[in-house]
Amino acid sequence: MQSTIIRTQAYVDGQWVSAASGKTLAVTNPATGEHLADVPDMSAEEAAAAVEAADRAFDSWKKTTAKSRAQLLRRWYELIMDNQEALAQLMTAEQGKPLAESRGEVAYGASFAEWFGEEAKRTYGEQIPSPSPTSRLVTIRQPVGVVAAITPWNFPVAMITRKVAPALAAGCTVVLKPAEDTPLCALALMALAEEAGFPAGVINMVTTADPIAVGDTLTSHPLVRKVSFTGSTPVGKHILHQAADTVKKVSLELGGNAPFIVFDDADLDAAVKGVLISKYRNAGQTCVCTNRVYVQRSVMEQFVAKFSELVAALKVGPGDQEGVEIGPLINRKAIERVEQVVSHAVGEGAQLLLGGARSEVGELFYQPTLLGGIDESMAIANQELFGPISTLFVFDDEEEVIERANATPFGLAAYFYSRDIGRCWRVAEGLEYGMVGINECILSNEVAPFGGVKESGTGREGSRHGIEDYLEIKYLCMGGI
Ligand code: SIN
């Protein structure tokens, strides 16, 4: 691949470096199997060295003005947008999503640099009326310290900027470990951050083929004061344990099991389109993708007719081809898992309405699939699907569907469609989720708080709340007045 933003070395203390061992990790295109590049396979010791570099840089970075940090973040935002097309091409090559989605993700990712640059200037403290005439009480907000950011492959740009931008805005320094499948977008972001002018050591990035050793170093190192992770719930739980010994601040954005509820008073065409987008975006590989579609009995038949027509028309293919809506799954393990989930569901009595097999397009492509007759006794109802599979559940009334939607350890995103205003409030309040889409299927943007409850995580990213986790409150009590 040729592109001016491609880097094949890691970025530590302002230097582009190879692994000391000389070992590398191959990056491939999931659509074609083509070898794209090799990046350093770094060790736990090299991750620790990156933490030390970030710690040294923290001394001066924390003293910079919010305005100067904002200017650098603004520059990073502009450079990301100037390179939107090159980044999108790179993303489609290493991650597989259709180009239109990649372009959208680059703009979405860039928006966090813009937003948090602006927020840097608003990290206000407070003045507290004192209970004593001789003292004055105030709070100031200070950066937490070195941040370890561990990011997934499904959003190779946006999940990085959603963590790194607020950290830098707050005055923290960062060590980033991107997913093994998508290091090239992450390295391109580092190249643009270097061009923007961030000082050496403020942002560091290690790539590795050994995510457990490197991840454990980052999440247990005493100099790291904050860990931010997006990925699976089991790994999130492990990270929480790892971080406990040194009592780090931890933000976790973990798995979901999103219900999408279609009431009989909904605008059915809007609901059908909503499920389609929410389910099949990124080939179903997002934490907020619809996982369970609940349709009220009286409209089920109509819903299935309309929905299956749209699902059957989805175009599967390499993301760089015109009109493609469903790209490949990320790797062999992912497609094997999806195959196993579907065949198990069919074995348990699910009706295969569409798809249900690999696509002839290529090894990692799976047909858009529709399964009917699902209920909560089946394993598929309790798994995060992470693939282009819709599962249809029938329900009869509002109370019942809220209870069934909540009957999961997860609580990230939920969606429902209804035109009844009273119902909209009741259902929105009753759903135990961090985010609820009401007659809306796309929730994410930089100004709103993204995050879950229960085993879907802790903390919020984006919005004015997204910078909070990178700041400590310090209380100053001035006496003798
Ligand atoms: C995710 O799947 O983790 C993020 C999805 C989003 O930001 O929309």
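Strands β15 (residues 369-372) and β16 run parallel in this predicted model, joined by three bridges. On the other pairing, β16 is linked to strand β13 (residues 290-296) by four bridges, again parallel. Beyond these strands, the things to look at are the empty spaces: the largest pocket comes to about 1,200 Å³, and there are three cavities of 30 Å³ or more.

**Strands around β16**

- Within the β15 pairing, Leu370 has Ser390 of β16 as its bridge partner.
- Over on the β13 side, Val293 sits opposite Leu392 of β16.
- How much of β16 is buried? Six of the seven residues of this strand (residues 389-395) are, so the rest of the structure largely encloses it.

**Leu431**

- Leu431 sits in the loop that runs between α13 (421-430) and β19 (435-438).
- Its relative accessibility is 5%, and with buried meaning under 20%, Leu431 counts as buried.
- From Leu431 to Gly372 it's 59 residues in sequence and 23 Å in space, C-alpha to C-alpha.

**Largest pocket**

- If you're after a spot to start looking, this pocket has a volume of about 1,200 Å³ and a lining of 36 residues.
- Nearest its centre you'll find Trp153, Gly231, Ser232, Val235 and Lys333.
- Four elements supply at least two lining residues each: α7 (211-220), β10 (224-230), α8 (233-244) and α11 (332-347).
- Sorted by class, the lining has 15 nonpolar, 14 polar and seven charged residues.
- Domain 1 (10-254 + 455-478) and domain 2 (258-445) each put at least three residues into the lining of the largest pocket.

**Second largest pocket**

- Here the volume is about 380 Å³, with 18 residues in the lining.
- Ala100, Glu101, Ile277, Arg281 and Ile442 are the lining residues nearest the centre of this pocket.
- Both α4 (99-120) and α9 (268-280) supply at least two lining residues, and α4 gives the most, with five.
- The class split is eleven nonpolar, two polar and five charged.
- Where does the second largest pocket lie? Domain 1 and domain 2 both give residues to its lining, so this pocket lies between them.

**Cavities**

- The largest cavity holds about 100 Å³ of space.
- Its lining is made of 14 residues, and Phe155, Met159, Thr286, Val288 and Phe450 lie nearest the centre.
- By class, that lining divides into seven nonpolar, four polar and three charged residues.
- Domain 1 and domain 2 each contribute at least three residues to the lining of the largest cavity.
- The second largest cavity has a volume of about 40 Å³, and its lining includes Lys163, Ser228, Phe229, Glu253, Phe450 and Arg460.
- β10 and β11 (249-253) are the elements giving two or more residues to the lining of the second largest cavity, with β11 giving the most, at three residues.
- Residue classes in the lining of the second largest cavity come out as three nonpolar, four polar and four charged.
- Phe450 turns up among the residues nearest the centre of the largest cavity, and Phe450 also lines the second largest cavity.

**Annotated span**

- An unreviewed UniProt entry carries the annotation "domain: Aldehyde dehydrogenase" over residues 16-475.
- That span is 40% helix and 21% strand, and its end C-alpha atoms lie 40 Å apart.

Technical notes:
Residues are numbered from 1 along each chain as its sequence is written. This is a predicted model: local features need pLDDT of at least 70, side-chain atom pairs count only at pLDDT 80 or more; totals for chains, interfaces and linings use all residues. Side-chain values use heavy atoms; hydrogens and water are left out. On a 1 Å grid over the protein atoms alone, a cavity is a set of points where a 1.4 Å probe fits but cannot get out, and a pocket is an open set with protein on both sides within 12 Å along at least five of seven lines; lining residues have an atom within 4 Å of a point. Grid points are joined across faces, edges and corners, and a volume is the space filled by probe spheres set on the points. Ala, Val, Leu, Ile, Met, Phe, Trp, Tyr, Cys and Pro count as nonpolar, Asp, Glu, Lys and Arg as charged, and the others, Gly among them, as polar. Domain bounds come from an automatic or database domain assignment. UniProt positions are given in the numbering used here, feature names are shortened, and annotations may be inferred rather than shown by experiment. Buried means under 20% relative accessible area, exposed over 50%, partly exposed in between (1.4 Å probe, protein chains only). Two strands pair if DSSP finds at least two bridges between them.
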